[in-house]
Amino acid sequence: MASSIPGARVLIESRKQDALKGDPGACFDMGVAHSSGNLIEAHKWFDLAALAGYGPAEKCRANIAWNMSAREIAEARRRTRVVRQVARFSTSLFA
């Protein structure tokens with residue numbers, strides 16, 4: 001487990017910029033990277049990928065949600081809305 005944490009950090013660093021530009025694959029990768037620790041962030045990134053039409057993200061988001069409280073899911077959805085409002089994503093991806 002300890003060796004996976006540095007790997008997740010590397011993945012997060014390498015994919016974050018693409019994810020913030022609206023790349024659905026990068027959003028999915030961000031969800032994967034966060035799924036072993038921060039479920040709220042994982043849910044948020046899987047949600048963004050799913051909203052962009054990245055099919056596998058829907059199943060991952062649902063699987064993550066099983067391990068979250070209603071309050072955590074609400075927070076993840078709030079964060080998704082914030083990212084969509086603040087970031088300059090392509091309207092074709094997040095319209």
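How much area does the protein chain expose, and what share of it do carbon and sulfur atoms supply? The chain exposes about 5,700 Å², and carbon and sulfur atoms supply 54% of that. Keep in mind as you look around that this is a predicted model.

Let's start with the overall plan. The protein chain has 6 helices and 0 strands, so if you read the elements from the N terminus on, you get α-α-α-α-α-α. Of the 95 residues in the chain, 37% are buried. Now think about which parts of the chain meet. Take the contacts with a separation of 6 or more: 52% of them involve residues 24 or more positions apart.

Next, go inside. The largest nonpolar core has 20 residues, and those with the most contacts inside it are A19, C27, W45, F46, A57 and M68. Where do these core residues come from? Helix 1 (4-20), helix 2 (24-34), helix 3 (39-51), helix 4 (55-65) and helix 5 (70-86) each supply at least two of them. Helix 3 gives the most, with 7 residues.

That makes helix 3 a good place to stop for a while. Is it mostly buried or exposed? Of its 13 residues, 11 are buried, so helix 3 is largely enclosed by the rest of the structure. You can tick the buried ones off along the helix: I40, E41, A42, H43, K44, W45, F46, D47, L48, A49 and A50. You can also check the length of the helix. At 1.5 Å a residue, its 13 residues should span 18 Å, and the end C-alpha atoms are indeed 18 Å apart, which agrees. Have a look at both ends, too. At the start of helix 3, a side-chain oxygen of N38 comes to within 3.3 Å of the backbone nitrogen of I40. After the helix comes G53, which has a positive phi, near 90°.

Now for the aromatic rings. The structure holds 2 aromatic pairs. In one of them, F28 and F46 sit 5.4 Å apart, centre to centre, with 55° between their planes, which makes the pair tilted. F28 belongs to helix 2 and F46 to helix 3, so this pair links distant parts of the chain, 18 residues apart. Both partners are buried: F28 has a relative accessible area of 14%, and F46 is at 2%. In the other pair, the rings of F28 and Y54 have their centres 5.1 Å apart and their planes at 40°, so this pair is tilted as well. Since Y54 lies in the loop between helix 3 and helix 4 while F28 lies in helix 2, the pair ties together parts that are 26 residues apart in sequence. Y54 counts as partly exposed, at 31% relative accessibility. Put the rings together and F28, F46 and Y54 form one aromatic cluster.

F46 turns up again when you visit S35, which is in the loop between helix 2 and helix 3. Leaving out residues up to four places away in sequence, S35 touches A42, F46 and I64. The side chain of S35 also reaches the backbone oxygen of V32, at 2.7 Å. Why does S35 count as partly exposed? Its relative accessible area is 29%, and partly exposed covers what falls between under 20% and over 50%. Along the chain, S35 and R61 are 26 residues apart, and their C-alpha atoms are separated by 9.6 Å.

Two more stops bring you back to helix 3. M68, one of the core residues with the most contacts, lies in the loop between helix 4 and helix 5. M68 is buried, with a relative accessible area of 10%. Not counting residues up to four places away, M68 touches L39, I40, H43, I73 and A76. M68 and L39 are 29 residues apart in sequence, but their C-alpha atoms are 7.2 Å apart in space.

Finally, find T80 in helix 5. What does T80 contact, once its neighbours within four places in sequence are set aside? It is in contact with K44, D47, L48 and L51. At 2% relative accessibility, T80 counts as buried. Three of these contact partners, K44, D47 and L48, are among the buried residues of helix 3.

Definitions and conventions: Residues are numbered from 1 along each chain as its sequence is written. This is a predicted model: local features need pLDDT of at least 70, side-chain atom pairs count only at pLDDT 80 or more; totals for chains, interfaces and linings use all residues. Side-chain values use heavy atoms; hydrogens and water are left out. A nonpolar core is a set of buried Ala, Val, Leu, Ile, Met, Phe, Trp, Tyr and Cys residues joined through side-chain atoms within 4.5 Å. Buried means under 20% relative accessible area, exposed over 50%, partly exposed in between (1.4 Å probe, protein chains only). Helices (H or I, at least four residues) and strands (E, at least two) are DSSP runs, numbered from the N terminus. Rings of Phe, Tyr and Trp (its six-membered ring) pair if their centres lie within 6.5 Å; planes under 30 degrees apart count as stacked, over 60 as edge-to-face and the rest as tilted. Contact means heavy atoms within 4.5 Å. Accessible areas come from the Shrake-Rupley method with a 1.4 Å probe; for residues, only the protein chains shown count as cover. The expected span of a helix is 1.5 Å times one less than its number of residues. A polar contact is a pair of N or O atoms within 3.5 Å; within protein, one must be able to donate a hydrogen and the other to accept it, and residues adjacent in sequence count only if both atoms are side-chain atoms.
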